[in-house]
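Colleague: I'm new to this one and would like some help reading it. Could we go through it feature by feature?

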Amino acid sequence: MRVDLHIHTTASDGAWAPEAVVRGAAAAGLDVIAITDHDTAAGVAQAQAVAHEARVQVIPGIEVSSTHRGSDVHILGYFIDPEAPALRAHHQRAVGRRTDRMHEMIGRLRTTGVEVTFDDVMEAAGPDHVSIGRPHLARALVARGYAASVAEAFVSLIGDNAPAYVPTRLLEPADAVRLVVDAGGIAIWAHPPAELVDELLPALVAEGLRGLEVYRPSHRSHDVLRYETICRERGLLMSGGSDWHTPEGGNRLGDFFVEAREIEALLAEGGL
């Protein structure tokens, strides 16, 4: 059974609407997916509405943004209640904060001679977006000729170590974990930065963190081995996913997946 537990839709900064993601997952041979949009569960219901027809199991999820000393820390929530009041309130806060952040990043780009407007970003986001994020800005930069691809825009202009980067500054990591727990979900640390794991993991586990995203396309073999070892030694759950946003550059949905047996304890926790 092929599983991908980290997929984005147009509800945040993905390229495809939730229904299209489910149908694309089915066409790619995926059996189980999680819709994990940034700071919103707005795409879950739409995805689940076509899941039975597409013969794909859709896990309701979210990716909650937080910041630790200027670095983004993202917490995945699986098997959440998408209508939980805490999530709905967080969604409203996040929409406003992400808009403010986008204006900050556009301002920083302007100081480097890169002229892109908020309207450009909104056009790149399209009519179906719920909140805006860096991929939307990256697409606007490509459209204006400042980068040849979304990946290049991140590396040279808006990535974590680039000149126009602005942290999300929405929550602290412990708050993000508690938000997932309050929504009835299983909290997993997404793409954990190697330099922060030893420092933050004990405190996050104390708040209710249940595991780590071990398997993902960018993890090298020694990263996977390290995170597998940490999970086994601490009794934590393992997860995996593509962090898929767009098919640009041949990045096809379904190219990366994990086998159910690799993350069976997490799936069992959710009743699958």
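Modeller: Happy to. Let's begin with a term we'll need for R252: a residue counts as exposed when its relative accessible area is over 50%, and as buried when that area is under 20%, with partly exposed in between. Keep in mind that this is a predicted model.

Colleague: Is R252 buried or exposed, then?

Modeller: R252 has 56% relative accessibility, so it counts as exposed. Its side chain meets that of D255 in a salt bridge, 3.3 Å from N to O. D255 has 44% relative accessibility and therefore counts as partly exposed.

Colleague: What is the general idea behind a salt bridge?

Modeller: Side chains of opposite charge can pair when their charged atoms come close. For the label we use a cut-off: a side-chain nitrogen of Lys or Arg within 4 Å of a carboxyl oxygen of Asp or Glu.

Colleague: How many salt bridges does the structure hold?

Modeller: There are 19 salt bridges in the structure. Take R101 and D72, whose side chains meet at 3.8 Å, N to O. R101 belongs to helix α4 (residues 85-111) and D72 to strand β4 (residues 71-78), so this pair ties together parts that are 29 residues apart in sequence. Both R101 and D72 are buried.

Colleague: Which residue forms a salt bridge with R220?

Modeller: That's D223, and the closest N and O atoms are 3.4 Å apart. The two ends sit in unlike surroundings: R220 is exposed because its relative accessibility is 53%, while D223 is buried with a relative accessible area of 12%. Salt bridges can also join into a network, and R97, E104 and R169 are linked in that way.

Colleague: Let's turn to the backbone. What should I look for in phi?

Modeller: Most residues other than glycine have a negative phi. That makes a positive value in another residue type something to look at. D39 is such a case, with a phi near 60°.

Colleague: Where is D39?

Modeller: D39 sits in the loop between β2 (32-35) and α2 (44-49). With a relative accessible area of 1%, D39 is buried. F79 also has a positive phi, about 60°, and is not a glycine. You'll find F79 in the loop between β4 and α4, and at 18% relative accessibility F79 counts as buried.

Colleague: What does H91 touch?

Modeller: Leaving out residues up to four places away in sequence, H91 touches D39, T40 and V130. So D39 turns up again, this time as a contact of H91. H91 itself lies in helix α4 and counts as buried at 15% relative accessibility.

Colleague: How do I read the way two helices pack?

Modeller: Look at the angle and the distance between their axes. Helix α8 (residues 173-182) packs with helix α9 (residues 194-207) at an angle of about 30°, and their axes are 9 Å apart. Angles under 35 degrees count as roughly parallel, so α8 is roughly parallel to α9. The crossing of α8 past α9 is right-handed.

Colleague: Which residues make the contact?

Modeller: From α8 it's P173, A174, V177, R178 and V181, and from α9 it's L200, L204 and E207. Sorted by type, the residues of that contact are six nonpolar, no polar and two charged.

Colleague: Can we look at a whole helix by how covered it is?

Modeller: Sure, count its buried residues. In helix α6 (residues 134-143), eight of the 10 residues are buried, so the helix is mostly covered. Among them are R134, H136 and R139 as well as L137 and L141. The buried residues of α6 pack against β4, α4, α5 (118-125) and α7. After α6 comes G145, which has a positive phi near 85°.

Colleague: And a loop residue to finish: where is A164 found?

Modeller: A164 is in the loop between α7 (150-158) and α8, and it counts as buried at 1% relative accessibility. Not counting residues up to four places away in sequence, A164 touches M105, R108, L109, L157 and I158. Its C-alpha atom is separated by 9.6 Å from that of F154, which lies 10 residues apart from A164 along the chain.

Technical notes
Residues numbered from 1 in each chain as written. Predicted model: local features only at pLDDT ≥ 70, side-chain atom pairs only at ≥ 80, totals over all residues. Heavy atoms only, no water. Helix = DSSP H or I, 4+ residues; strand = E, 2+ residues; numbered from the N terminus. Buried < 20%, exposed > 50% of the residue type's maximum accessible area, 1.4 Å probe, protein only. Axes fitted to C-alpha atoms, helices over the stretch in contact; angles between N-to-C directions. Parallel < 35°, antiparallel > 145°, perpendicular 65-115°, else oblique. Left-handed = near helix turned anticlockwise from the far one by under 90°. Contact = heavy atoms within 4.5 Å. Nonpolar A, V, L, I, M, F, W, Y, C, P; charged D, E, K, R; others polar.
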